[in-house]
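Reader: Hi! I am new to reading protein structures and would love a close look at one part of this one. Could you take me through its salt bridges slowly?

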Amino acid sequence: MGQNIIEVIKSLGEVDKLYSVGEVDLDEIEQAAETLEVEFAKDFVEYVQKYGSISVGSIELCGIDEDEDCSTVDRTQCMREDFPDFPMDCYVIESVGIDNAVMVQKADGKIYQFLPGHELMFAADSLSEYLLNGGDFRSERSDYWQERAKDL
């Protein structure tokens, strides 16, 4: 079905410099999921267990990290506090950096963009697919910004 998340990250690291915080114990990952009251997708658990969190190319993927900006727990908790419409069955995997938009994942592995005040926008079927697409789904974002520009 999808590509192995570890192999995808390794291949990205062959193209761009890969930075990671390093391996994370499974107990710590389970505690993070418990703290958020979510189930992490299998590929997210595999990724975090091996890498913690990563930065490669233009992608800064959250995970288990002491840095609040790279911590899935901290970023998700902040989004829940700041935006009542943040979906409780999701957790943050990456900040988009525009209008408080973040990329989120659900237990089934699917990736979405959350933008406060809007419905979730589908981005990828898996973390591997998201990363292979450069962490972007440009046409959908472009359409959104073009529509938004008309309202300004």
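Let me start with one residue: is lysine 42 buried, partly exposed or exposed?

Author: Happy to help! Lysine 42 is exposed, and its relative accessible area is 64%. For these words, buried means under 20% relative accessible area, exposed means over 50%, and partly exposed lies in between, using a 1.4 Å probe and protein chains only.

A word on what you are looking at. This is a predicted model, in which local features need pLDDT of at least 70 and side-chain atom pairs count only at pLDDT 80 or more, while totals for chains, interfaces and linings use all residues. Residues are numbered from 1 along each chain as its sequence is written, and side-chain values use heavy atoms, with hydrogens and water left out.

Now to the partner of lysine 42. Its side chain forms a salt bridge with glutamate 46, where the closest N and O atoms are 2.8 Å apart. The term stands for a side-chain nitrogen of Lys or Arg within 4 Å of a carboxyl oxygen of Asp or Glu. Side chains of opposite charge can pair when their charged atoms come close. Both residues sit in helix H3 (residues 42-51), and because they are four residues apart there, about one helical turn separates them. Helices here are DSSP runs of H or I with at least four residues, strands are runs of E with at least two, and both are numbered from the N terminus. Glutamate 46 counts as partly exposed, at 26% relative accessibility.

By this rule the count comes to four salt bridges, so let us visit two others. In helix H1 (residues 5-15), glutamate 7 and lysine 10 lie three residues apart, about one turn of the helix. Their side chains meet in a salt bridge at 3.8 Å, N to O. Glutamate 7 is partly exposed, with a relative accessible area of 48%, and lysine 10 is partly exposed too, at 40%.

The next pair involves loops. Aspartate 89 and lysine 106 meet through their side chains in a salt bridge of 3.2 Å, N to O. Aspartate 89 lies in the loop between helix H4 (72-82) and strand E4 (91-95), and lysine 106 in the loop between strand E5 (102-105) and strand E6 (111-114), so this pair ties together parts that are 17 residues apart in sequence. At 42% relative accessibility, aspartate 89 is partly exposed.
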